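Got the viewer open and a selection box ready? Here's a walk through the model, one stop at a time.

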Amino acid sequence: MEEMKVKTSRQLEVKDLTEKVKGKIDHIEEGLLTLFVPHTTAAVTIQEGDEELWEDMLETYKRLVPLKRDYKHNAKYSGMSGEQNAHAHILSSLIKPSVHIPIEKGKMALGTWQKILFIELDGGRNRKVLLQTLRR
Amino acid sequence: MEEMKVKTSRQLEVKDLTEKVKGKIDHIEEGLLTLFVPHTTAAVTIQEGDEELWEDMLETYKRLVPLKRDYKHNAKYSGMSGEQNAHAHILSSLIKPSVHIPIEKGKMALGTWQKILFIELDGGRNRKVLLQTLRR
Amino acid sequence: MEEMKVKTSRQLEVKDLTEKVKGKIDHIEEGLLTLFVPHTTAAVTIQEGDEELWEDMLETYKRLVPLKRDYKHNAKYSGMSGEQNAHAHILSSLIKPSVHIPIEKGKMALGTWQKILFIELDGGRNRKVLLQTLRR
């Protein structure tokens, strides 16, 4: 298993991991790639590499699960500024922390427009993403 | 890896892939099935085979992420009628493009009511779904 | 493949499965763990083990997909009290019924705060969760 580092600078942010991941799977002919985010306030998904779209995604996530609301988690840690992040936990529970992509002929079977996107929901932070391959 | 074709005719539409998939895994005794949608405006999930429920699902998806809104992606491509689809990208980023199902004794370990559902979010289109099996 | 039993008592409820799962994977050095919920009105995700946060999660799920609404699925089964559960099906279609976690050195590669959470959406019920491991 390999560990990739991801550095984010904004509270909500999308980072394209595709090129970084490509460099790490060329020794596998056929198999399944797992990317796993070992954090509870971030997630990973697959979507287009369009920055305007990323803004639309983050706007929608915030509209559905607002940053400020009467969250019990935030009230419990009311003295701790770093823990006012229930929105990030809730969004991570919906988007989830992993993607799993078939590998064929040494390449991820991503469609033309698909990119692997790290979703920061409570940044900026130094994050990790775990990468595992299973051979077929 | 196999490729299945899926043809959709409506803008938002649910298609049950379960029977099609069953025919393709009978040579595996134990393992993990991956279905991967190589598109950014569609998704795949697991749910009941109830057409009224499918309408409820699609209504909810549209209520949460409306077709028309001030999306930056749509504004960027304002001259292109085929690119007014930010809702589809955003929903695909939430529902995600794959499902992974254990296989035991040559069969998918689906519960009684579970079906594999392709979720078209920007149709009608000719779509593909990739199917991969890993033996245990 | 193993089967775990989960008993829920409330309509919406979060149950932490992490310790139960730990006891079942110690014979695997490296691989991929799949937890699969064979139900259409429940789901499984990964999040923090914080009960206040769980309440925030369930409140958000209900706010986004209300228990009562003009669902066609509920109208179709209007005489059956046990089938007034479109909200549960819709939420399960979004959160989805499986998680897949890398195993390394005999342990799940969960982050410090990550727990495996069963999400009951239409309880209380006796539920099952299937557990499968693939060796690397």
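Before counting anything, a word on terms: helices are DSSP runs of H or I with at least four residues, strands are E runs of at least two, and both are numbered from the N terminus. Keep in mind throughout that this is a predicted model.

**Stop 1: chain A on its own**

Select chain A and switch to cartoon. You should be able to pick out four helices and eight strands. Trace the chain from the N terminus and the elements come in the order β-β-α-β-β-α-α-α-β-β-β-β. Now show just the C-alpha atoms: along the principal axes they fill a box of roughly 50 × 30 × 20 Å.

Colour by accessibility next. Of the 136 residues in chain A, 60% are buried. A contact map is worth a look too: take the contacts in chain A between residues at least 6 apart in sequence, and 81% of them join residues at least 24 apart.

**Stop 2: two backbone spots in chain A**

Zoom in on the loop between β7 (115-120) and β8 (126-135) of chain A, where A:Gly124 is found. Check omega from A:Gly123 to A:Gly124: the peptide bond is cis, with omega near -5°.

Then go to A:Lys105, in the loop between β5 (98-104) and β6 (107-108) of chain A. Its phi is near 50°, which is positive even though the residue is not glycine. Is A:Lys105 buried or exposed? Exposed counts from over 50% relative accessible area, and A:Lys105 has 67%, so it is exposed.

**Stop 3: over to chain B**

Pick B:Gly123 and B:Gly124, which are joined by a cis peptide bond with omega of about -5°. B:Gly124 belongs to the loop between β7 (115-120) and β8 (126-135) of chain B.

While you're in chain B, select B:Lys96, in the loop between α4 (86-95) and β5 (98-104). Here phi is near 75°, again a positive value in a residue other than glycine. Where does B:Lys96 fall on the accessibility scale? Buried means under 20%, and B:Lys96 has 8% relative accessibility, so it counts as buried.

**Stop 4: a helix pair across chains B and C**

Two packed helices are described by the angle between their axes and the distance between the axes. Select helix α2 (residues 51-64) of chain B together with helix α4 (residues 86-95) of chain C: they pack at about 65°, with their axes 10 Å apart. The crossing of α2(B) and α4(C) is right-handed.

Turn on side chains to see who makes the contact. From α2(B), show B:Leu53, B:Asp56, B:Met57, B:Thr60 and B:Tyr61; from α4(C), show C:Ala86, C:His89, C:Ile90, C:Ser93 and C:Leu94. Colour this set by class and you get six nonpolar, three polar and one charged residues.

**Stop 5: chain A against chain C**

Hide chain B and look at the A–C interface. Here 32 residues of chain A are in contact with 36 residues of chain C. The two chains bury about 2,700 Å² between them, and carbon and sulfur atoms give 57% of that. On the chain A side, highlight A:Met1, A:Phe36 and A:Lys96: these lose the most area to chain C, together 21% of what that side buries.

Last, try a superposition. A rotation of 120° with 0.0 Å of shift along its axis puts chain A on chain C, at an RMSD of 0.0 Å. That is the relation of a three-fold axis.

How values were computed:
Residues are numbered from 1 along each chain as its sequence is written. Chains are lettered from A and ligands numbered from 1 in the order in which they are written. This is a predicted model: local features need pLDDT of at least 70, side-chain atom pairs count only at pLDDT 80 or more; totals for chains, interfaces and linings use all residues. Side-chain values use heavy atoms; hydrogens and water are left out. Axes are lines fitted to C-alpha atoms, for helices over the stretch in contact, and angles run from 0 to 180 degrees between N-to-C directions. A crossing is left-handed if the near helix is turned anticlockwise from the far one by less than a right angle, and right-handed if clockwise. Contact means heavy atoms within 4.5 Å. Ala, Val, Leu, Ile, Met, Phe, Trp, Tyr, Cys and Pro count as nonpolar, Asp, Glu, Lys and Arg as charged, and the others, Gly among them, as polar. Copies are superposed by least squares on the C-alpha atoms of residues with pLDDT of at least 70 in both. Buried means under 20% relative accessible area, exposed over 50%, partly exposed in between (1.4 Å probe, protein chains only). Buried area is the accessible area (1.4 Å probe) that two parts lose on being put together, summed over both.
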